[in-house]
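User: I would like a close look at one part of this model. Please begin with a single loop residue and then describe the sheet and the helices around it.

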Amino acid sequence: MKSATLSMNELQEAVEKLPDDALAASRRAALAHLRQHGLPTTHDEDWKYTDLAPVIDISNRSLRQYSVTPSSEDLDSVVNEICRSIDADWLVIRNGVIDQRSTEQLDNAGVSIALLSEFGGETEFSAPLSNLNAALLHDGLRVRVTDGAKIDRPIGILLVDSVAETPGMSQARVEIEVGANSTASFVEYHASTGASEHYANHIAELTLGDNSHVDYVRMQERGSSHNHTSRLVVAAGRDSVFNHCAFDLGGRLVRNDLHIDISQPGSSVEFNGLYLAGEQQHIDNHTRADHLVGPARSTQEYRGIVTGRARCVWNGKAIVHQGADGTDAAQANHNLLLSERAEIDAKPELEIYADDVKCSHGTTIGELDEAALYYLRTRGLSKHDAKQVLTRAFAQAIVGKAPIAAMHDMLEEKIAKHLGPLLAGVDA
Amino acid sequence: MLEINNLSVSIGGAEILQGLSLEVRAGEVHAIMGPNGSGKSTLAQVIAGHADYQVTAGTVTYNGQDLLELEPEARAREGIFLGFQYPVEIPGVNNAYLLKAAVNARRKHHGLPEIDAFEFLKLAKEKMALLDMDPKFLNRGVNEGFSGGEKKRNEILQMAMLEPSLAILDETDSGLDIDALRAVAEGVNALRSEDRAIVLVTHYQRLLDYIEPDQVHVLSGGRIARSGDKTLALQLEEKGYDWVREAANG
């Protein structure tokens with residue numbers, strides 16, 4: 001299949017219709033980059049398994065979704081339910097439009113919020129999806145945690161799309177700067193309603209000040225006809241601690257990029273993830289940790305439960321650059337493949353150019369443990385229940401790593417809810 | 001309660017049991033002894049319903065019904081319990097969760113409501129005290145990181161909670177120190193009753209010092225070569241299994 005190309009004229013038209021604000025210049029610059037470099041195709045190594053063509057074919061897509069009043073009872077109830085389910089100070093972005101009530105309500109001396117439409121933004125033009133995002137961005141958020149602040153309550157960022165009858169597309173951007181010696185936690189939550197097709201593209205940047213500590217949970221629970229790409233770029237400061245845990249429980253075509261730069265010594269980053277996929281879902285997680293200096297530690301474990309005709313990709317890259325001695329990098333990816341037609345592409349990549357390093361990686365793809373299934377059945381559990389229990393236990397290993405402990409029960413419930421229908425198809 | 005007639009079983013093409021017959025009545029404790037590889041564990045697994053073992057001939061009847069027709073979970077709900085020689089570690093599944101799910105599966109099968117959370121905890125703690133187990137084990141993954149002795153105690157705890165009609169304990173004594181052996185034996189003895197049967201599969205006579213069997217059987221060559229009362233176990237201890245083998249062949 002030939003990759004569809006972006007219609008530049010339509011894109012330009014859409015860009016020109018956006019307000020003339022502080023983002024106007026970066027939109028035009030991004031458009032120029034897009035014109036020159038286009039969007040990735042499956043010929044690009046990083047996009048070998050994920051074909052964006054159907055997603056970025058904008059010919060019949062509304063690029064002006066932000067102009068649709070993003071309020072409906074349906075959407076409001078989704079927003080309310082999510083905001084209630086996790087105790088956090090919520091910032092809400094509906095269809096790419098920032099809900100300014102939510103930003104004004106946030107009342108925390110240690111946190112300040114600004115709109116990119118007022119202050120502009122610096123866009124990283126190296127990543128193609130960042131360009132698309134910058135070109136079509138209606139508005140974005142800048143969140144700053146003051147030096148030395150201890151923020152107890154998580155800051156929630158809810159990105160929710162209500163999809164109208166015509167297929168749509170939305171862009172969101174959040175820049176977070178956590179000051180030196182401060183502690184904060186974030187929940188990034190993606191959800192959507194509506195049956196029509198949709199594509200949401202999220203770009204986030206996170207700068208960790210020296211000696212800061214950040215916990216971060218990303219939850220993606222989009223509708224089954226909604227496509228999603230996200231990119232989080234993290235710059236870790238000296239002696240900083242970053243714990244990230246990602247949950248992909250929904251969506252149709254999903255691609256997440258997590259890129260962590262360790263350019264100061266002493267930092268410790270951990271990023272874990274869980275993906276559940278069934279039917280024809282496609283979930284791709286690409287992670288990359290650049291160890292530019294040592295000593296520093298990065299560990300990651302992603303787990304997947306894949307059934308139906310779903311396809312999941314995990315590509316974990318760790319690059320230990322020359323001179324980054326004292327690096328400790330570990331990566332693991334474990335998958336439960338519950339159907340013969342499902343597919344997993346697992347690719348650990350270690351590139352080591354330093355001498356004194358400790359690196360490991362491991363990947364497994366398997367089925368449920370027959371001995372454990374039998375053991376549970378001899379205790380009276382039905383085959384179906386035994387499978388449920390073991391599958392949930394497999395997922396539980398990642399839930400336990402989610403750094404915001406108050407979310408564990410909620411995560412467990414969500415996972416059980418999404419696993420139910422996935423396992424219903426697996427022979428009972 | 002349990003009637004085994006002329007049972008032949010093979011696994012992976014190798015015939016392990018060859019025409020074994022055994023009858024166990026309610027209220028009885030039977031010990032099945034025999035050298036390694038004589039088919040003791042095979043017998044235990046066939047009764048529990050392990051799919052890898054193929055029954056090539058014979059019948060197994062439990063309370064009048066054809067046991068071989070039933071799935072492992074149906075056998076468990078009907079009151080059969082197998083204490084594993086090698087209990088399986090299941091990380092991520094809470095011990096309390098499994099106990100409760102097991103108790104409730106059985107209760108549901110018998111038309112009873114689910115056990116009350118408070119009742120469950122009280123009962124579990126009572127049984128754990130009897131087995132000299134730390135209540136903390138309730139919140140650990142099933143057998144996860146347990147020592148050999150802890151795993152065996154955990155099997156007996158499950159048995160005590162489930163109150164089976166027919167308990168088969170496969171080498172429950174292996175790898176136990178004397179304190180653990182006493183605790184396990186106490187758990188088993190507490191369960192002895194008129195309407196219950198217990199089958200102890202064991203290699204050594206030692207366990208029978210603590211749990212006195214009504215009948216002792218010696219397996220050899222895939223069938224029961226000799227049966228007797230508890231003195232048979234003592235004879236075996238003295239003369240070794242070769243004595244039975246020779247007697248069977250001669």
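Analyst: In this predicted model, A:Thr166 is found in the loop that links strand S5 (155-162) and strand S6 (168-178) of chain A. A:Thr166 has 13 other C-beta atoms within 10 Å, and it is therefore partly exposed. A:Phe394 is 228 residues away from A:Thr166 along the chain, and the C-alpha atoms of the two are separated by 39 Å.

The strand S5(A), which borders this loop, leads into the sheet. The sheet is open and has 10 strands, in the order S2-S1-S5-S7-S9-S11-S13-S15-S17-S19 (chain A), and its pairing is mixed. Strand S2 (97-98) and strand S19 (357-366) of chain A each have a single partner strand and stand at the edges, so one side of each is left without a neighbour in the sheet. Strands of a sheet pair through backbone hydrogen bonds, in either a parallel or an antiparallel manner. S5(A) pairs with strand S7 (residues 183-193) of chain A in the parallel sense, over eight bridges. Within this region, A:Val160 has A:Ala191 in S7(A) as its bridge partner.

Helices also pack on the sheet. Helix H4 (residues 73-85) of chain A touches strand S1 (89-94), S5 and S7 of chain A, and its direction makes about 155° with that of S5(A). H9(A) lies across strand S11 (241-248), strand S13 (268-277), strand S15 (296-306) and strand S17 (327-337) of chain A, and it runs at about 160° to S15(A).

H9(A) also has a part in the contact between the chains. That contact takes 15 residues from chain A and 19 residues from chain B. On the side of chain A that touches chain B, helix H8 (370-377) and helix H9 (383-399) are the elements that give two or more residues. This side of chain A consists of nine nonpolar, four polar and two charged residues.

A further pair of helices may be described. Helix H1 (residues 8-17) and helix H2 (residues 24-37) of chain A pack at an angle of about 175°, their axes being 11 Å apart. H1(A) and H2(A) are therefore roughly antiparallel to each other. In this contact, A:Met8, A:Leu11, A:Gln12 and A:Val15 of H1(A) meet A:Arg27, A:Leu31 and A:Arg35 of H2(A). By class, the residues of the contact are four nonpolar, one polar and two charged.

Finally, chain A as a whole provides the setting. Its secondary structure comes to 10 helices and 19 strands. The radius of gyration of chain A is 21 Å, close to the 22 Å that the globule rule gives for 428 residues, so chain A is as compact as a globular protein of that length.

Terms used:
Residues numbered from 1 in each chain as written. Chains lettered and ligands numbered in written order. Predicted model: local features only at pLDDT ≥ 70, side-chain atom pairs only at ≥ 80, totals over all residues. Helix = DSSP H or I, 4+ residues; strand = E, 2+ residues; numbered from the N terminus. Rg over C-alpha atoms; globule rule 2.2 N^0.38 Å. Axes fitted to C-alpha atoms, helices over the stretch in contact; angles between N-to-C directions. Parallel < 35°, antiparallel > 145°, perpendicular 65-115°, else oblique. Contact = placed C-beta atoms within 7 Å. Nonpolar A, V, L, I, M, F, W, Y, C, P; charged D, E, K, R; others polar. Buried ≥ 20, exposed ≤ 12 C-beta atoms within 10 Å, placed from the backbone. Pairing = 2+ DSSP bridges.
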